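Thank you all for coming; I would like to take a few minutes to walk through one model. Please have the sequence and the structure open in front of you while I talk.

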Amino acid sequence: MSPGWYLRRLSRMGPREVAGRVTDEVRRRRWRSRVRPYPGRGPAPTPRVGLPVDAFVKVPKSAKARLIATADRLMAGDAEYFGVTRGDLANPDWSYDPKTGRRAPDGYAFDIPYRNEEIVGDIKQLWEPSRHQHLTVLATAYALTGEDHYAARVADHLKSWWAANPPLRGVHWVSGIELGIRLLSWVWVRRLLDGWPGAPGLFEENIEAQHQIWHHQRWLAAFPSRGSSANNHVIAEAAGQLAAASAFAWFPESPRWRADAMRLLDEQLVHNTFDSGLNRELASEYHGLVLELGLAAALEAEASGVQVPGSTWSVLLRMTDALASIVDGRLRPPRQGDADDGHGLILDGAETDRWASLLATGDVLFGRLRWWPAVPAEDVRTPLLTALARAPRVAMNRPARRPAKLADAGLTILRSGDIWCRCDGGPHGFLSIAAHAHADALSVEVRHHGVDILADPGTFCYHGEPAWRSYFRSTLGHNTLELDGQDQSASGGPFLWTRHAESKVLFAHTPENGTSRWCAEHDGYRPAVHRRSVQLSGSELRISDEVLSARSHPCRLAFHLGPEVAVELDGTKGTKGTKAELTWSTGRAVLELPPGLSWTAHRGETDTPLGWYSPGFGRREPAFTLIGAGSTGPDAFTTLLRFEETPS
């Protein structure tokens, strides 16, 4: 990163964080000179492993079939990571990035410029297979079938990885979140291989396994994410440390590591979560990641006899209820903020519905409320993970009706029949850098029968493609109003915002029946104020945008359509506005666009990115974007979206 970036990053830290990072740097320099050898102390004690037989009996046949199909593809060496298909997973090179064709250099971990794609390759392509979540899939296949070839492949990969990645060497020892998730995977691999004759020799009787597990935990104890970086990363670090120190309690340090990790996890779950239950990063996929990690770690600790604080369970319960409250009719949450397809624990095959799985787990642990959406029990993880539960869950007051206003997060859901609308009037992001935020104040998402109509385009990438990173985070890249050609918030780097727009919800009226109304404003263009009102009544959604300012501003109003939606513009500008006819396989709608703006349709443009939708990290596909360009004035811009009935 440039010197300017380091100065901007430093400006977002407080004195305590700076002092902690100085301590970390001193420790890194000291560790460079000598990697402390693992103080082996003889055979480790037999771990507490295994699951009751009835846990496997409860796995639905459809879920088992998906899992086995995915495991068989992995056995053939086939996998896909972030849109890149690989055929080398039978015997992977753990430092090779197939996307760029580059191989990450060896060397002391903290000397490697892992963000530099020219030197390292795409770091996400390197890190993801080394989370070893494909090994939990293969180990689950062994547990469900008893077929030894799955277990043997797991053993081959672990031995290969351990040999290729000695402590503090290479890119896989750079980031704490990677070490934490990897430890959680190893805990479940050992559990799922229980009964396989080679399991003890692979883990507790294997000095190299002890060596790796000890060094992973020593690393996490030494380098916790701090201050402005204490987001989902610190949750992953604490969760992996707690799970490993509970399941692999082999070392003199294990009680201290376990107690410290339990305390840190409890503190950071509270710190990272609004009272409403939403994750403070306001990025839906990170809500899912944190919930998965928290549940897995808390259940692991409980199963080993650790007293899990009631505050931990309280947060996890609120997070589960919050998820149930915001999903649409297909159990999809908002596409808000960053998303990188990160999972905490994978025990299922491809195409398993992540959100349905989380809610199914919540149903078993906490009990569903009457307003929860129907959740199919079609996953492997729920019966296996919840088999660890020992104590009754914490009792607390839970919402009597489905919350539509999560006021502390500034998120409001408007519903009418099959129409779902998410309105954003919350904080820009979490902590001083708001790492996973987008410049999306007052943006809306609209779905019909779960189909994206007005869509949040997504994330697509983090490193290596700055123009695309900037576009998908930009104000123009969301369904909101841009003024003066600038984003509402100021970016200082791919995970750094140096100025945050402040939003305020003025009112939100969300009756169970009848017209819903929402109004909010933000000061990202101060002294000008952008105020937006949204009204949903029956099959009509009305959006009104006004700019409170002493002068006129050049502006662009954007509406991003989902990839299934085709559009025909009826004219581009007129006193009565412009109509856009929207059609998709299951419906149609008319979008009446405000007069006074010149409207153009864009799709799949690359010179200056515009007209794209990212269905997942590393993937993008063309989709229509409508842009209205002009200038603000005394009158509001009013947009009407009217859904039409389709023949049955």
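**Cavities, salt bridges and a few helices**

Let me begin with the second largest cavity, whose lining is made up of Leu278, Asn279, Leu282, Ala283, Ser284, His287, Ile326, Gln336 and Leu411. Before going further I should say that this is a predicted model, and everything I describe should be heard with that in mind. The space in this second largest cavity comes to about 70 Å³, and its lining residues divide into five nonpolar and four polar, with no charged residue among them.

How many cavities of 30 Å³ or more are there? The count comes to five, and the largest of them has a volume of about 100 Å³. The largest cavity is lined by 14 residues, of which Asp424, Pro427, His428, His438 and Asp440 lie closest to its centre. By class, that lining holds five nonpolar, six polar and three charged residues, whereas the lining of the second largest cavity has no charged ones.

Asp424, which we have just met beside the centre of the largest cavity, also brings us to the salt bridges. The structure holds 39 salt bridges, and Asp424 belongs to a network of them that links Asp328, Arg332, Arg422, Asp424, Glu445, Arg447, Asp452 and Asp456.

Two pairs within that network deserve a closer look. In the pair of Arg447 and Asp452, the closest N and O atoms are 3.1 Å apart; Arg447 counts as buried, with 0% relative accessibility, and Asp452 is likewise buried, at 6%. In the pair of Arg332 and Asp328, the closest N and O atoms are 3.9 Å apart, and here the two partners fall into separate classes, because Asp328, at 3% relative accessibility, is buried, while Arg332 has a relative accessible area of 22% and is therefore partly exposed.

A further salt bridge joins the side chains of Asp523 and Arg526, with 3.4 Å from N to O. Is Arg526 buried or partly exposed? With a relative accessibility of 45%, Arg526 counts as partly exposed.

I turn now to the helices, and to Arg218, which is found in helix H11, residues 207-222. Arg218 has a relative accessibility of 14% and so counts as buried. Which residues is Arg218 in contact with, once its neighbours within four places in sequence are left aside? They are Trp31, Arg36 and Trp257. As for Trp257, it stands 39 residues from Arg218 along the chain, yet their C-alpha atoms are separated by 8.6 Å.

Helix H12, residues 232-247, has 16 residues and reaches 22 Å from its first C-alpha to its last, which is close to the 22 Å expected at 1.5 Å a residue. H12 is also mostly covered, with 15 of its 16 residues buried.

Finally, in helix H18, residues 466-473, the buried residues are Trp468, Arg469, Tyr471, Phe472 and Arg473. What covers these buried residues of H18 includes several strands, namely E11 (490-493), E12 (496-499), E17 (554-560), E22 (612-616), E23 (619-622) and E24 (624-631).

If you keep one residue in mind from this talk, I would suggest Asp424, since we met it both among the residues closest to the centre of the largest cavity and in the network of salt bridges.

Definitions and conventions
Residues are numbered from 1 along each chain as its sequence is written. This is a predicted model: local features need pLDDT of at least 70, side-chain atom pairs count only at pLDDT 80 or more; totals for chains, interfaces and linings use all residues. Side-chain values use heavy atoms; hydrogens and water are left out. On a 1 Å grid over the protein atoms alone, a cavity is a set of points where a 1.4 Å probe fits but cannot get out, and a pocket is an open set with protein on both sides within 12 Å along at least five of seven lines; lining residues have an atom within 4 Å of a point. Grid points are joined across faces, edges and corners, and a volume is the space filled by probe spheres set on the points. Ala, Val, Leu, Ile, Met, Phe, Trp, Tyr, Cys and Pro count as nonpolar, Asp, Glu, Lys and Arg as charged, and the others, Gly among them, as polar. A salt bridge is a side-chain nitrogen of Lys or Arg within 4 Å of a carboxyl oxygen of Asp or Glu. Buried means under 20% relative accessible area, exposed over 50%, partly exposed in between (1.4 Å probe, protein chains only). Helices (H or I, at least four residues) and strands (E, at least two) are DSSP runs, numbered from the N terminus. Contact means heavy atoms within 4.5 Å. The expected span of a helix is 1.5 Å times one less than its number of residues.
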